[in-house]
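Student: I should like to take a close look at a single part of this model. Please set that part in the context of the whole chain.

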Amino acid sequence: MDRVKRIEEMERCLDASRKAVDDLAAAFEAYEAVQKDYKKLSDYYGSHRWMDDFEADEQGKLPQDLKRGVLSEDAVYDLLVDNHDLAVRMLKVIAKALENQTL
């Protein structure tokens, strides 16, 4: 590979990597910003209050136009599972990056 092509390739690597790091930093900031809400939601989902609210919904005691995805058993559970899976995935990527000394 000649020098010009190598430099062009490395520039593409630099540009792609810079964008990915910047995008991840922004996403991570957003993720960090919702952690209090996430904890509040997680605590609510496993509580008697959630069960009481769920039962009230089942009995038709809530307004029909009330958004209530939080009372669906799947929406919150899926979020909790997805968050856990993402955390494990992040740990694996970080461990590999540290192992390869790319951080």
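Student: Where in the protein is the place of Gly69?

Tutor: Gly69 is placed in the loop between α3 and α4, where helices are DSSP runs of H or I of at least four residues, strands are E runs of at least two, and both are numbered from the N terminus. The model is a predicted one, in which local features need pLDDT of at least 70 and side-chain atom pairs count only at pLDDT 80 or more, while totals for chains, interfaces and linings use all residues. Residues are numbered from 1 along each chain as its sequence is written, and side-chain values use heavy atoms, with hydrogens and water left out.

Gly69 counts as partly exposed because its relative accessibility is 37%; buried means under 20% relative accessible area, exposed over 50%, and partly exposed in between, with a 1.4 Å probe and protein chains only. From Gly69 to Ile94 there are 25 residues along the sequence and 33 Å in space, C-alpha to C-alpha.

The loop between α3 and α4 also holds Arg68. Apart from residues up to four places away in sequence, Arg68 touches Asp57, Leu62 and Pro63, contact being heavy atoms within 4.5 Å. With Asp57 there is a polar contact, side chain to side chain, at 2.4 Å. A polar contact is a pair of N or O atoms within 3.5 Å; within protein, one must be able to donate a hydrogen and the other to accept it, and residues adjacent in sequence count only if both atoms are side-chain atoms. A polar atom of the Arg68 side chain also lies 3.3 Å from the backbone oxygen of Pro63.

Asp57 itself belongs to helix α3, which covers residues 48-58. Beyond its sequence neighbours up to four places away, Asp57 touches Leu62, Arg68 and Leu71.

Leu71 leads on to Tyr44, a residue of helix α2. The C-alpha atoms of Tyr44 and Leu71 are separated by 10 Å, although the two residues are 27 apart along the chain. With residues up to four places away left out, Tyr44 touches Arg49, Trp50, Asp53, Val70 and Leu71. The side chains of Tyr44 and Asp53 form a polar contact at 2.6 Å. Tyr44 is classed as buried because its relative accessible area is 14%.

Helix α2 also takes part in the second largest pocket. A pocket is found on a 1 Å grid over the protein atoms alone, as an open set of points where a 1.4 Å probe fits, with protein on both sides within 12 Å along at least five of seven lines; lining residues have an atom within 4 Å of a point. The volume of this pocket is about 170 Å³, that is, the space filled by probe spheres set on points joined across faces, edges and corners. Its lining consists of Tyr31, Val34, Gln35, Asp37, Tyr38, Leu41, Leu79, Asp82, Asn83 and Leu86. Two or more of these residues come from each of α2 (35-45) and α4 (73-99). By class, the lining has six nonpolar, two polar and two charged residues.

As for the whole chain, the protein has four helices and zero strands, in the order α-α-α-α along the sequence. The radius of gyration is 22 Å, well over the 13 Å that the globule rule gives for 103 residues, so the protein is more spread out than a compact globule; the radius is taken over C-alpha atoms, and the rule is 2.2 Å times the number of residues to the power 0.38. Along the principal axes, the C-alpha atoms fill a box of roughly 75 × 30 × 20 Å. Of the 103 residues, 11% are buried.

Key: Ala, Val, Leu, Ile, Met, Phe, Trp, Tyr, Cys and Pro count as nonpolar, Asp, Glu, Lys and Arg as charged, and the others, Gly among them, as polar.
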